[in-house]
Amino acid sequence: MKETACLVSLGCPKNLVDSEVILGLLSKEGYRLTTDPSMAEILIVNTCSFIEPAKRESIDTILEMAEFKKTGSAQRLVVAGCLVERY
């Protein structure tokens, strides 16, 4: 069985659609999905950076998810979305 993945989607409706596509692809490939980041080996943050508060929320969420590499079962943290493309 493949690893467990958790995805956090931030920002606009387009990000939500992109996140649903990502989750669909992961599921199709046999990854187990969870909403609990402490139980996931793979953490994915789909970011937004359209306005300053969204950028700050994205950065804070990335840092929060990174803590699960220390305290949870997370082995990888993947960052996607607007923040990545912009910076």
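## Cores, sheet and cysteines of a predicted model

In this predicted model, the largest nonpolar core is made up of ten residues, namely Cys6, Leu10, Ala40, Leu43, Val45, Ile62, Met65, Phe68, Ala74 and Leu83. Two elements, β3 and α2, each give two or more residues to this core, and α2 gives the most, with three residues. A second, separate core has five residues, among them Ala5, Leu26, Ile42 and Ile44.

The strands come next. Four of them form an open sheet in the order β2-β1-β3-β4, and their pairing is parallel. Because β2 (32-33) and β4 (76-81) stand at the edges and each has a single partner strand, one side of each is left without a neighbour in the sheet. Strand β1, residues 4-9, pairs with strand β3, residues 42-47, in the parallel sense over five bridges, and within this pairing cysteine 6 stands opposite leucine 43 in β3.

Two helices pack on the sheet, and the table sets them side by side.

| Helix | Residues | Strands touched | Angle between directions |
|---|---|---|---|
| α1 | 13-28 | β1, β2 and β3 | about 175 degrees with β1 |
| α2 | 52-71 | β1, β3 and β4 | about 180 degrees with β3 |

Cysteine 6, a member of the largest core, is buried, with a relative accessible area of 3%. Leaving aside its neighbours within four places in sequence, cysteine 6 is in contact with Thr34, Thr35, Asp36, Pro37, Ala40, Ile42, Leu43 and Ile44.

How many disulfides does a search of the whole structure find? The search finds zero disulfides. For cysteine 6, the nearest cysteine sulfur is that of cysteine 48, which is 19 Å away. Cysteine 48 counts as buried, at 7% relative accessibility, and its sulfur is 5.0 Å from the closest cysteine sulfur, in cysteine 82, which is too far for a bond, since a disulfide needs the two sulfur atoms to be within 2.5 Å.

A last residue to look at is tyrosine 31, found in the loop between α1 and β2. Is tyrosine 31 buried or partly exposed? At 23% relative accessibility, tyrosine 31 counts as partly exposed, because the term buried is kept for values under 20%. Although tyrosine 31 and lysine 2 are 29 residues apart along the chain, their C-alpha atoms are separated by 4.9 Å. Beyond its neighbours within four places in sequence, tyrosine 31 is in contact with Lys2, Glu3, Leu26 and Ile42, and two of these contacts, Leu26 and Ile42, are included in the second core.

Methods: Residues are numbered from 1 along each chain as its sequence is written. This is a predicted model: local features need pLDDT of at least 70, side-chain atom pairs count only at pLDDT 80 or more; totals for chains, interfaces and linings use all residues. Side-chain values use heavy atoms; hydrogens and water are left out. Two strands pair if DSSP finds at least two bridges between them. Helices (H or I, at least four residues) and strands (E, at least two) are DSSP runs, numbered from the N terminus. Contact means heavy atoms within 4.5 Å. Axes are lines fitted to C-alpha atoms, for helices over the stretch in contact, and angles run from 0 to 180 degrees between N-to-C directions. Buried means under 20% relative accessible area, exposed over 50%, partly exposed in between (1.4 Å probe, protein chains only). A nonpolar core is a set of buried Ala, Val, Leu, Ile, Met, Phe, Trp, Tyr and Cys residues joined through side-chain atoms within 4.5 Å.
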